[in-house]
Number of protein chains: 2
Amino acid sequence: MRSFKLLISYDGTNFFGWQTQPGRRTVQETLEGAIASVTGQSVHIISSGRTDTGVHALGQVVAFGAETRLTPHVLLRALNAVLPQDISVQDVSEVHGDFHPTHDVARKRYRYLIHNGPVRDVFRRRYCWHFNQGVLDAEAMHRAALPLIGTHDFSSFETAGSERNSSVRTIFDIFVRRGSGEEKDWITIEVEADGFLYNMVRAIVGTLVEVGRGVEPESWPAEVLRAADRSVAGPTAPPQGLFLVMVDYEERSEGIEE
Amino acid sequence: MRSFKLLISYDGTNFFGWQTQPGRRTVQETLEGAIASVTGQSVHIISSGRTDTGVHALGQVVAFGAETRLTPHVLLRALNAVLPQDISVQDVSEVHGDFHPTHDVARKRYRYLIHNGPVRDVFRRRYCWHFNQGVLDAEAMHRAALPLIGTHDFSSFETAGSERNSSVRTIFDIFVRRGSGEEKDWITIEVEADGFLYNMVRAIVGTLVEVGRGVEPESWPAEVLRAADRSVAGPTAPPQGLFLVMVDYEERSEGIEE
């Protein structure tokens, strides 16, 4: 049995999220089907973590084991040939059998895009939150986000009903930045952490937007964090603005040497 | 009767081009329907020119006359509220009744996007030609394109069956440019002219790609131009990479002064 690690992208618009569910088109099921048709084997793939309905991925990482003589390069080409247009495999590598894409995660980065202009962008409408009720103060949002960096109990930013043991996570980096020139109506929010609670980025974004639109002061997101109570945070931002950008692993999980 | 000029964008993916046809979803019909629902009047809109099935517009210009007391600003908001997500109105202005969006065109600019990378981009797949049979030499394509600048008979780059009186047009500007950094797999081709023949940009792009992939020499597009014979040009590039970027009018056609 060989183990493979895949770097994949998907447009989440037409998927009911990651995880296989009866009667729903999901990323997991679509990818497992493609692998089965290429390798002739029924495989079970594991990802770095689930993404919700409508959430996109630039760099999701998944792994599976299969008895196959195909090289990583041939697998990459064959999978892209059989996958539908809204998923692609960016890279395939062979890894040690003990690599676990969920447990071995060291860092993950998410990006959230807000289109803060008066008229919708017809080409990027599926990939942003179109916020057109006034101009957001992105600099205030950035300053308000900085206290979230560090190791904290993020339960204020977790949607109820999830089953985690702990809601303590470490945010390594966070920023809110308005574009310039042709991108001046676009606000990018990025968060990098050792892990994320359910809907955590979308809850942070929804909270920062309350600051950006002047409804809450810059000090508010830090207060929400300290409260450790989901009911005090802002609304959850819609899924279509969210992208899983990158998953980083500990060195010991890296691929097999050539 | 007042006359209005609209600047519109559309994602051409799900339209059978511009012009109303029975049983087909077209941009013209969709826009006329929205204007009728906002103004209560059946109007006939005229555009700067048709776009083909699958071709996009960043800045198409259209005009119509209507008996309405709505201001341009109210019209803009109301139209965007009723239009489907794949069309938007970027600007509305009131113009003189003698403004004609087709006849008064001074310059038009088209952009063509080629994704020249090995794996499809799931987010931009509808808005590019994914060319993955080798790396195109964008610098050679650029040099090969420069002789097209000027006033020439472009009949080599016109799809047969069109009904123009003359196939002489003036190209003011043309370039082929590969992006850098994250955009290094993307090639942008732009052409600005006083007018375009049917499928002219797509025929030019298809011809330049033959140079970029090394099948034809850099001197070839100039030879194709001189031949004035469509059968010698390269294949027509697919529609989904093409965008109408901008339409410019003579000063006399500008809007009514405030």
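Chain B can be laid on chain A with an RMSD of 0.0 Å by a turn of 180° and a shift of 0.0 Å along the axis, where the superposition is by least squares on the C-alpha atoms of residues with pLDDT of at least 70 in both copies. That is the relation of a two-fold axis. Of the residues of chain B, Arg124(B) comes closest to this rotation axis, its C-alpha lying at 4.5 Å.

The model is a predicted one, in which local features need pLDDT of at least 70 and side-chain atom pairs count only at pLDDT 80 or more, whereas totals for chains, interfaces and linings use all residues. Residues are numbered from 1 along each chain as its sequence is written, chains are lettered from A and ligands numbered from 1 in the order in which they are written, and side-chain values use heavy atoms, with hydrogens and water left out.

**The interface**

At the interface, 24 residues of chain B are in contact with 24 residues of chain A, contact meaning heavy atoms within 4.5 Å. Because 100% of the interface residues of chain B are also interface residues in chain A, the copies meet through the same surface. The area buried between the two chains is about 2000 Å², and carbon and sulfur atoms give 53% of that area; buried area is the accessible area (1.4 Å probe) that two parts lose on being put together, summed over both. Val119(B), Arg120(B) and Phe123(B) supply 37% of the area that chain B buries against chain A, more than any other three residues.

Across this interface the rule finds three salt bridges, each a side-chain nitrogen of Lys or Arg within 4 Å of a carboxyl oxygen of Asp or Glu. One of them joins the side chains of Asp11(B) and Arg125(A), at 3.2 Å from N to O. The rule also finds 16 residue pairs in polar contact between chain B and chain A, both residues at pLDDT 80 or more. A polar contact is a pair of N or O atoms within 3.5 Å; within protein, one must be able to donate a hydrogen and the other to accept it, and residues adjacent in sequence count only if both atoms are side-chain atoms.

On the side of chain B that touches chain A, β1 (2-10), β3 (56-66), α2 (72-82) and β4 (87-95) each supply at least two residues. β4(B) gives the most, with four residues. Helices (H or I, at least four residues) and strands (E, at least two) are DSSP runs, numbered from the N terminus.

**Local features**

Two residues that are not glycines have a positive phi.

| Residue | Phi | Loop | Relative accessibility |
|---|---|---|---|
| Ala228(A) | about 50° | between α5 (220-227) and β10 (242-249) of chain A | 35%, partly exposed |
| Asn199(B) | about 65° | between β9 (186-193) and α4 (200-212) of chain B | 15%, buried |

Buried means under 20% relative accessible area, exposed over 50%, and partly exposed in between (1.4 Å probe, protein chains only).

Phe196(B) is also found in the loop between β9 and α4 of chain B, and is buried, with a relative accessible area of 10%. Phe196(B) and Glu158(B) are 38 residues apart in sequence, and their C-alpha atoms are 8.8 Å apart in space.

Helix α4 of chain B holds Thr207(B), which counts as buried at 0% relative accessibility. A polar atom of the Thr207(B) side chain lies 2.8 Å from the backbone oxygen of Ala203(B). Residues up to four places away in sequence not being counted, Thr207(B) touches Phe157(B), Trp220(B), Pro221(B), Val224(B), Ala233(B), Gly234(B) and Pro235(B).
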